[in-house]
Number of protein chains: 2
Amino acid sequence: MEKHALIVAGGSGNRMGSNVPKQFLLLNGLPVLMHTMNRFWHFDNKMDQTLVLPEAQFAYWQQLCVQFQFKVPHRLVAGGSVRFNSVKNGLASISGDGLVAIHDGVRPLVSRPTLLRCFEMAREKGNAIPALPLIETLREVSPEANQAADRSRFVGIQTPQVFDVKLIKEAYSLPYNPAFTDDAMVLEQLGRPINLVDGNRENIKITHASDLDIAAALWHLVE
Amino acid sequence: MEKHALIVAGGSGNRMGSNVPKQFLLLNGLPVLMHTMNRFWHFDNKMDQTLVLPEAQFAYWQQLCVQFQFKVPHRLVAGGSVRFNSVKNGLASISGDGLVAIHDGVRPLVSRPTLLRCFEMAREKGNAIPALPLIETLREVSPEANQAADRSRFVGIQTPQVFDVKLIKEAYSLPYNPAFTDDAMVLEQLGRPINLVDGNRENIKITHASDLDIAAALWHLVE
């Protein structure tokens, strides 16, 4: 069954501010985004890769690819104003069927076992997403009050989220809802049950500058 | 107003297994637990400190104190079979009133501003706990199914959790409930509203060996 990777980095150019976007920061001497794409390449070097980036970052990315002699073949697709539109644009560029792994460009620590679990479950059941138990105590807040929530009833969700290509394209043809925080929520609109597999704890999302130091510390732990 | 710190480390000796308990592992050359107690000492060196440890670890701890010339004055109290009993034992050793900060021994990265916010809010309202927005997408799971949960309705809770001494002693006189995962949940049984203040993201709980590497990476970021 054909496998695709859809790597999404930077919902919109206006997040850039005055700083270098997180996906281009160096981790062990290589831009974060290249590490991420290398993970998929090493997992399966026949996988079709699509990178969704804000169009304003295309030239910079192409310059980085030359500078770092980046060899992973990929299509470059322009992102939209919000993540939903970026994923939708990326999906439109994928022809054929099979499975697609939608993954945050700033999660360079996804492990090979996590990728394997996601693809195997998705092959069997049409979708799979990686989940982890919560470590911290959880409270539910409202404008008026807050109360303890039973953390054992919840899991934290990462990426890659792997889907049957036709199914996720159908879900993304439905209207955008600002409540979507991941792709599984989009698919859920079709009434499909979502399948959870174990993630790997190191697979953090690089959102703060200090996360780069954490990622460097975790690097040697990831297969 | 008098300030107390109640540092809780290791619910029971049987967690030790064959490995050194996390609270004794070295971080930048010093046992994690000493870093934690140093944080409170540097915040206020007149603060009364109580350390709750499994009794089986007393001798080892005292040996570490000599070896590392650890000078923070503290009372040593024997822990119970579960965390609830450990905290209860610690509280029983505190005389007088004022405020008590109940803190995980394996959170050596609590910042001075977090301590300040907790004590100031608790002085004003009787209790305060540090909270942080969730980064990962959240799903609610049941044996039958799972569904997206709105992560903006939830926060993750850390320690120190600071309380009026009399109030938290009263709460801990009520029966134990295995659903308790923190001290605020115990106080909540009295019908008291819980006050949230901002925590600091670096204030992680050292639960896995790899968390030590993370803590070392974050060390320089904490005031």
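By class, 17 nonpolar, 11 polar and 10 charged residues form the lining of the largest pocket (Ala, Val, Leu, Ile, Met, Phe, Trp, Tyr, Cys and Pro count as nonpolar, Asp, Glu, Lys and Arg as charged, the others, Gly among them, as polar). This is a predicted model, in which local features need pLDDT of at least 70, side-chain atom pairs count only at pLDDT 80 or more, and totals for chains, interfaces and linings use all residues. Residues are numbered from 1 along each chain as its sequence is written, and chains are lettered from A.

The volume of that pocket is about 1000 Å³. Here a pocket is an open set of points on a 1 Å grid where a 1.4 Å probe fits, with protein on both sides within 12 Å along at least five of seven lines; lining residues have an atom within 4 Å of a point. Among the 38 lining residues, A:I135, A:I204, B:I135, B:R201 and B:I204 are the closest to the pocket centre.

Now let's turn to the symmetry. A turn of 180° with a shift of 0.0 Å along the axis lays chain A on chain B with an RMSD of 0.0 Å (least squares on C-alpha atoms of residues with pLDDT of at least 70 in both). This is the relation of a two-fold axis. Within chain A, the C-alpha of A:I214 comes closest to the rotation axis, at 2.6 Å.

A:I214 also takes part in the contact (heavy atoms within 4.5 Å) between α7(A) and α7(B), as does B:I214. These helices pack at an angle of about 145°, their axes 8 Å apart. Six nonpolar, two polar and two charged residues make up their contact.

Conventions:
Side-chain values use heavy atoms; hydrogens and water are left out. Grid points are joined across faces, edges and corners, and a volume is the space filled by probe spheres set on the points. Axes are lines fitted to C-alpha atoms, for helices over the stretch in contact, and angles run from 0 to 180 degrees between N-to-C directions. Helices (H or I, at least four residues) and strands (E, at least two) are DSSP runs, numbered from the N terminus.
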